[in-house]
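Student: I have a new structure to read. Can you walk me through it, one feature at a time?

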Amino acid sequence: VTVLFLDLRGFTLRSEAWPPEDVVDYLNAVFGIAIPLVVARGGVVHQLLGDGLMALFGFPTPSPEAPANAVGTALAVAAEIEAACEAGRLPETKLGIGVHTGECVVGPVGTEAHREFKVTGDVVNVTARIEKLCKAHGACVLVSEVLYDRLGDAAPPAERLGPISLDGRQEPVAVVRLA
């Protein structure tokens, strides 16, 4: 599966300054752009995460196109959000998007008292950490080098940042900046 994490930058400050109804309207406007782009490229939004989302590509059926679809989605979301800001449909909005590919287990986790449908595996943790790197590297879209190399001739122009230590992991992960 290929996992995409999207997070809005500066959301906590907005939430502090804006009435809750305005925060909800803003989130709905951002998700109204992002979610259709995920779905259009064969992705599934697994969950909304407050001021972000987690999407899966190559699920429920594995697909060799999943990495390219996820990267295309990440770049399209970044471009559409920027266009909406320039057109005045959204206030200035900065994103962090991380994308990685790998194996996982998808299914119910919990007990009879409370059970949730979860995506579990190192791919999820690595993707979340890559997304968090966006802030430190002034990036909008970062992907793992493993994923980027799978794109082959279809890979967009990029800057290889090399191996980077991720919080909570022993092994660094090579990361590529797309935007």
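Tutor: Start with pairing: two strands pair if DSSP finds at least two bridges between them. Note that this is a predicted model. Here, strand β8 (residues 159-164) pairs with β9 in the antiparallel sense, over 5 bridges.

Student: Which residue of β9 is the bridge partner of Glu 159?

Tutor: Arg 177 in β9 is the partner of Glu 159.

Student: How many bridges join strand β7 to β9?

Tutor: There are 3 bridges between β7 (residues 141-144) and β9, and these strands run antiparallel. Look at Ser 144: it stands opposite Val 175 in β9.

Student: Why is strand β9 said to be largely enclosed by the rest of the structure?

Tutor: Buried means under 20% relative accessible area. Strand β9 covers residues 173-177, and 4 of its 5 residues are buried, so the rest of the structure largely encloses it.

Student: In what order do the strands of the sheet come?

Tutor: The order is β2-β3-β1-β4-β7-β9-β8. These 7 strands form an open sheet with mixed pairing. The edge strands are β2 (44-48) and β8, each pairing on one side only. On average, neighbouring strands are turned by 20° against each other, direction ignored.

Student: Which helices should I look at next?

Tutor: Take helix α4 (residues 122-136), which packs on the sheet. Helix α4 touches β1, β3, β4 (94-101), β7, β8 and β9. Its direction makes about 150° with that of β4. Then find helix α2 (residues 20-40), which lies across β1, β2 and β3 (52-57). Helix α2 runs at about 10° to β3.

Student: How do side chains sit along a strand?

Tutor: In a regular strand, side chains alternate between the two faces of the sheet. For a single residue to study, pick Thr 2, found in strand β1 (residues 2-9).

Student: Is Thr 2 buried or exposed?

Tutor: Thr 2 counts as buried because its relative accessibility is 1%.

Student: What does the side chain of Thr 2 make a polar contact with?

Tutor: The partner is the side chain of Thr 101, at 2.9 Å. Leaving aside neighbours within four places in sequence, Thr 2 has further contacts, among them Ala 55, Phe 57, Pro 67 and Leu 147.

Methods
Residues numbered from 1 in each chain as written. Predicted model: local features only at pLDDT ≥ 70, side-chain atom pairs only at ≥ 80, totals over all residues. Heavy atoms only, no water. Helix = DSSP H or I, 4+ residues; strand = E, 2+ residues; numbered from the N terminus. Buried < 20%, exposed > 50% of the residue type's maximum accessible area, 1.4 Å probe, protein only. Polar contact = N/O pair within 3.5 Å; in protein donor to acceptor, adjacent residues only side chain to side chain. Contact = heavy atoms within 4.5 Å. Axes fitted to C-alpha atoms, helices over the stretch in contact; angles between N-to-C directions.
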